[in-house]
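This report covers the ligand site of the structure shown below. It goes through the polar contacts, the burial of the ligand and the make-up of the surrounding shell.

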Amino acid sequence: MKIVGTGSALPTKIVTNDMLTDFLDTSDEWITTRTGVKSRHVISNEKLEDLAIEAARKALDDASLKAEDLDFIICSNVVNEYVTPQLSCIIQGGIGASCPCMDINCACAGFIHALEIAESFHKAGRVNNVLIVCAEEPTRMTDWSDRRTCVLFGDGAGAVVLAPGNNIRSIKLSASSATDKLWQYRPLHPTPYITKDEQDVPLQMKGQDVFKFAVKAASKDISRTLEDAGVNADEVDHYLLHQANVRIISAIQDYLNQPAEKFPVNITDHGNSSSSSCPILLDECRRSSRFKDGDLIAMSAFGAGFVSGAVLFEW
Ligand code: UT7
């Protein structure tokens, strides 16, 4: 397939590091040096589904396609205010499409997983035009009195439209179960048959374990993807990495032995927006004319599970 349109949408509320010091024992200096985040967009008076629909509409406009041209919609999402129906159905109605749709939850690696699904469905002859929307509100998952997690995240939606083409050169996904490193429980309704107390636990994270996994998995996924496509790291024009921590990005950059200019960063203004981070970064790079036709782009993401993946595609 080929990416023919991109779009993104962000909440209007911007929360700076200094604003967090009003209620948290933290500092701009700590957050900036340890993570690279200076501010983040946080859901307040908008709904995630509206951001998802806005990002989808922008991607369709950019692709000069209409909702009725779509054959499939995939939405990557970890939490939103509905347990059911799935967010992709809400997006389908919001943009006026009538094609089948599905949600996936592959944490921060959702965009790469969605690309693999779209590409595989296309290769099987089942779809031509596919909309992928990643819509996330991780700021609704964290405990805002826990300085170890809440400072990291931001909300937003990113979307792409894919059409037939030969631009995706290789995709590699991986998973390695480590469910105690990054997790959250939400309470389910009691039944007459379940007596255990239901727990409502906000996002829990073993930060250093996640950090080590991220560097290792992304380095390996990117290397496997490049090898599969017969491309060496120098030939790649842009590395778009999941925006979780600038120190993770620079460790991967060192591993690949590539210049910092090839690694666009927007975590400074967005924080970690989970699976939305890759398509938002892609959209911002595209709209700032960073890509030329034929450029090679490697993208990689990792998240809770652990799951991870990388893709190499031609612009
Ligand atoms: O999409 C995947 C999601 N998650 C990630 O990618 C997270 C990956 N991990 C990380 O990015 C880093 O591990 C963190 C940014 C989460 C933490 O950075 P770190 O350098 O690993 O710090 P640490 O956890 O070792 O904590 C160092 C100190 C601790 O104090 P003590 O015990 O040394 O006195 C923490 O309590 O920093 C303290 N600390 C803070 N201080 C000020 C933790 N959070 C904060 C904070 N402000 N916000």
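In this predicted model, a polar backbone atom of R147 lies 2.9 Å from a nitrogen atom of the ligand. Two side chains also approach oxygen atoms of the ligand: a polar side-chain atom of R34 is 2.8 Å from one such atom, and for N245 the distance from a side-chain N or O atom to a ligand oxygen is 2.7 Å. The table lists these pairs.

| Residue | Protein atom | Ligand atom | Distance |
|---|---|---|---|
| R147 | polar backbone atom | nitrogen | 2.9 Å |
| R34 | polar side-chain atom | oxygen | 2.8 Å |
| N245 | side-chain N or O atom | oxygen | 2.7 Å |

The ligand by itself exposes 950 Å², and 74% of that area is buried by the protein. The ligand sits in the largest pocket.

Three elements each give two or more residues to the shell around the ligand: α2 (28-35), α6 (207-229) and α7 (246-256). Of these, α6 gives the most, with 4 residues.

In total, 23 residues surround the ligand. The closest are T26, R34, Q208, N245 and N272; R34 and N245 from this group also appear in the table above. Sorted by class, the shell holds 11 nonpolar, 7 polar and 5 charged residues.

Which domains supply the shell around the ligand? At least three residues come from each of domain 1 (2-166) and domain 2 (170-314).

Key: Residues are numbered from 1 along each chain as its sequence is written. This is a predicted model: local features need pLDDT of at least 70, side-chain atom pairs count only at pLDDT 80 or more; totals for chains, interfaces and linings use all residues. Side-chain values use heavy atoms; hydrogens and water are left out. A residue is near a molecule or strand if one of its heavy atoms lies within 4 Å of it. A polar contact is a pair of N or O atoms within 3.5 Å; within protein, one must be able to donate a hydrogen and the other to accept it, and residues adjacent in sequence count only if both atoms are side-chain atoms. Accessible areas come from the Shrake-Rupley method with a 1.4 Å probe; for residues, only the protein chains shown count as cover. On a 1 Å grid over the protein atoms alone, a cavity is a set of points where a 1.4 Å probe fits but cannot get out, and a pocket is an open set with protein on both sides within 12 Å along at least five of seven lines; lining residues have an atom within 4 Å of a point. A molecule sits in a cavity or pocket if more than half of its atoms lie within 2 Å of its grid points. Ala, Val, Leu, Ile, Met, Phe, Trp, Tyr, Cys and Pro count as nonpolar, Asp, Glu, Lys and Arg as charged, and the others, Gly among them, as polar. Domain bounds come from an automatic or database domain assignment.
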